Amino acid sequence: MSSYKIVMIRHGESEWNKENKFCGWFDANLSEKGKEEAVAGGKALKEAGFSFDVAHTSLLTRAQVTLKTVLEQIGQTDLPVEKTWRLNERHYGGLTGLNKAETAAKHGEEQVKIWRRSFDVPPPPMEAEHPYYEAIRKDERYKDGPSDEEFPTCESLKLTIERTLPYWNNVIVPEMKAGKKILIAAHGNSLRGIVKHLDQMTDDQIMGCNLPTGIPFVYELDENMKPVVSMQFLGDEETVKKAIESVAAQGKAK
């Protein structure tokens, strides 16, 4: 029976994660803690004996730096890397740059939870006068895509999955079937889309799924790309538990 292993890692804590802001497509850098998390993630992969043939990441710095750091730790800095907007974080629209706790105090924790964690309710769109509109919409990194029609102004998780899964199905799955060992370094919501698809989660189940920053997790898949092992985190149990709890607490009013 064929089986395939794939490793995914959510980027380490970003400056905007640290400030509890909605980040989305804004190109925040890793915080110092995020850099340490990326190093620890790389060490966990090295200790578990992983090596890879190709890596996939988003067009955002925080995912790319996480990947670069991991590859340094496992001694594979020359690994081929594919970069795509389809693995970008969910676009948080008009919420981009707002502090999550302040937004919760203003709109109520329930509304923020709906915006952050509901499956198909997008946040308000990012209008042209938004302070980060120009920086995102006219960024050179998007010159080869998405197209004007594809470029989001806001996304629900449903919309994020709809642009992530074609990349999974058309690029990553064929590489796995060709025998390539793959590492994906991406974002909480693009990875949750893949997780939902693999584990056949309901819309409600994915709302409660929180991926910690900087901790690699492994899927082992059968010949039909169905999980034999799901979301096996590499790291000690306490670290994983605390990280998941801290992600779940982000949308609460302080």
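**Figure 1. Met225 in the loop between β5 and β6 of the predicted model.** The loop that holds Met225 runs between strand β5, residues 217-222, and β6, residues 227-233. Phi of Met225 is positive, about 60°, although the residue is not a glycine. Most residues other than glycine have a negative phi. Met225 counts as buried because its relative accessibility is 10%, and buried means under 20%.

**Figure 2. Gln200 in the loop between α8 and α9.** Helix α9 covers residues 203-207. Gln200 is not a glycine, yet its phi is positive, near 50°. The relative accessibility of Gln200 is 56%, so Gln200 counts as exposed. Met225, with a relative accessibility of 10%, counts as buried.

**Figure 3. The cis peptide bond from Gly145 to Pro146.** Omega of this bond is near 5°. Most peptide bonds are trans. Pro146 has its place in the loop between α6, residues 133-137, and α7, residues 157-177.

**Figure 4. Thr57 in strand β2 and its surroundings.** Strand β2 covers residues 54-57. With a relative accessible area of 1%, Thr57 is buried. The side chain of Thr57 reaches the backbone oxygen of Ala185 at 2.7 Å. Leaving aside residues up to four places away in sequence, Thr57 touches Ala63, Gln64, Leu67, Val81, Glu82, Lys83, Thr84, Leu87 and Ala185. Ala185 therefore appears both among the residues that Thr57 touches and as the owner of the backbone oxygen reached by the Thr57 side chain, while Thr57 itself is buried.

**Figure 5. The largest cavity.** A search of the whole structure finds two cavities of 30 Å³ or more. The largest cavity has a volume of about 180 Å³. Its lining is made up of 21 residues, and those nearest the centre of the cavity are Arg10, Glu89, Tyr92, Lys100 and Asn189. Two elements give two or more residues to this lining: α5, residues 109-117, and α8, residues 188-199. The largest share, three residues, comes from α8. Sorted by class, the lining of the largest cavity has eight charged, eight polar and five nonpolar residues.

**Figure 6. The second largest cavity.** About 40 Å³ of space lies in this cavity. The residues that line the second largest cavity are His91, Met126, Tyr133, Ile136, Arg137, Phe151, Pro152 and Thr153. By class, this lining has five nonpolar residues, two polar residues and one charged residue.

**Figure 7. Cys154 and Cys209, with Cys23.** The count of disulfides in the model comes to zero. A disulfide needs a pair of cysteine sulfur atoms within 2.5 Å. For Cys154 the closest cysteine sulfur is that of Cys23, 16 Å away, which is too far for a bond. The sulfur of Cys209 also has Cys23 as the holder of its closest cysteine sulfur, at 19 Å, and this too is too far for a bond. Cys154 is buried, with a relative accessible area of 15%. Cys209 is buried as well, with a relative accessible area of 8%.

Key:
Residues numbered from 1 in each chain as written. Predicted model: local features only at pLDDT ≥ 70, side-chain atom pairs only at ≥ 80, totals over all residues. Heavy atoms only, no water. 1 Å grid on protein atoms, 1.4 Å probe; cavity = no way out; pocket = protein on both sides within 12 Å on 5 of 7 lines; lining within 4 Å. Points joined across faces, edges and corners; volume = space filled by probe spheres on them. Helix = DSSP H or I, 4+ residues; strand = E, 2+ residues; numbered from the N terminus. Nonpolar A, V, L, I, M, F, W, Y, C, P; charged D, E, K, R; others polar. Buried < 20%, exposed > 50% of the residue type's maximum accessible area, 1.4 Å probe, protein only. Polar contact = N/O pair within 3.5 Å; in protein donor to acceptor, adjacent residues only side chain to side chain. Contact = heavy atoms within 4.5 Å.
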